[in-house]
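This report looks at one helix and at the charged side-chain pairs in a predicted model. The sequence and the structure come first.

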Amino acid sequence: MRVLGVDPGLTRCGVGVVEGVAGRPLTMCGVGVVRTPADAELGLRLVAIEQGIERWLDDYRPEVLAVERVFSQHNVSTVMGTAQASAVAMLCASRRGIPVALHTPSEVKAAVSGSGRADKAQVGAMVTRLLRLDAPPKPADAADALALAICHIWRAPAQNRLQQAVAAHKSRTPVARSVSTARKGRTS
């Protein structure tokens with residue numbers, strides 16, 4: 001599986017492509033950052049992020065896009081910019097029919113480091129180790145994007161099985177109710 005991880009941000013949007021399957025060594029295919037000038041108009045910054053993500057999609061042809069799920073922060077302007085960059089990445093993938101998966105920061109940290117409270121340095125060190133790199137990717141946004149891709153590769157099989165089980169349960173539930181209702185009707 002080839003996954004493009006996106007750590008969304010307006011100034012620095014981390015991107016990283018990882019290929020592999022759970023339980024086997026993973027391979028980094030590419031890592032970088034889509035940058036926009038902080039003093040540029042918001043619309044132009046979003047267009048620049050779109051163009052950057054589109055280039056990564058063209059160059060690496062991922063099967064899945066893994067994006068950090070935006071969560072509430074104290075700084076509203078930061079969370080708004082993160083959400084806007086996230087939406088642009090999801091739009092680019094969806095336009096091409098590429099599935100999008102969202103992962104929370106603590107889920108990603110736990111997947112790569114074993115602790116949902118790991119700091120940036122710990123995540124960078126584990127990404128370096130897991131991908132057999134010489135040094136942690138810089139800036140931290142790039143390492144976080146790789147961590148998102150790793151998290152998805154490792155968690156997707158379990159998430160797929162869980163989704164299938166829930167779907168199977170839901171498909172049996174109405175039938176079970178109608179059978180139960182039919183039995184009650186016969187005994188009355």
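G114 comes directly after helix α3, and its phi is positive, near 90°. Helix α3 itself spans residues 105-113, and its buried residues are P105, E107, V108, A111 and V112. These residues lie on the same side of α3, because they cover an arc of only 160° around the axis. The spacing fits a general rule: an α-helix has 3.6 residues a turn, so residues three or four places apart point the same way.

One of the buried residues of α3, E107, carries a charged side chain that takes part in a pair. Its side chain meets that of R155 in a salt bridge, at 3.8 Å from N to O. R155 belongs to helix α5 and E107 to helix α3, so this contact ties together parts of the chain that are 48 residues apart in sequence. E107 counts as buried because its relative accessibility is 16%, under the 20% cut-off. R155, by contrast, is partly exposed, with a relative accessible area of 30%.

Which other pairs are there? In the whole structure, a search finds eight salt bridges. In general, side chains of opposite charge can pair when their charged atoms come close. Three of the pairs are set out below.

| Pair | N to O distance | Elements | Separation in sequence |
|---|---|---|---|
| R12 and D141 | 2.6 Å | strand β2 and helix α5 | 129 residues |
| R155 and E107 | 3.8 Å | helix α5 and helix α3 | 48 residues |
| D144 and K120 | 2.4 Å | helix α5 and helix α4 | 24 residues |

The salt bridge between R12 and D141 links distant parts of the chain, with R12 in strand β2 (residues 12-19) and D141 in helix α5 (residues 140-187). R12 is partly exposed, at a relative accessible area of 35%. D141 is buried, and its relative accessible area is 12%.

D144 forms a salt bridge with K120, and the closest N and O atoms are 2.4 Å apart. Here, too, distant parts of the chain are linked: D144 sits in helix α5, while K120 sits in helix α4 (residues 120-130). With a relative accessibility of 10%, D144 counts as buried.

A further group of charged residues is connected through shared partners. Salt bridges join E50, E54, D58, R95 and R96 into one network.

Note on methods:
Residues are numbered from 1 along each chain as its sequence is written. This is a predicted model: local features need pLDDT of at least 70, side-chain atom pairs count only at pLDDT 80 or more; totals for chains, interfaces and linings use all residues. Side-chain values use heavy atoms; hydrogens and water are left out. Buried means under 20% relative accessible area, exposed over 50%, partly exposed in between (1.4 Å probe, protein chains only). Helices (H or I, at least four residues) and strands (E, at least two) are DSSP runs, numbered from the N terminus. The arc is that of the directions from the helix axis to the C-beta atoms. A salt bridge is a side-chain nitrogen of Lys or Arg within 4 Å of a carboxyl oxygen of Asp or Glu.
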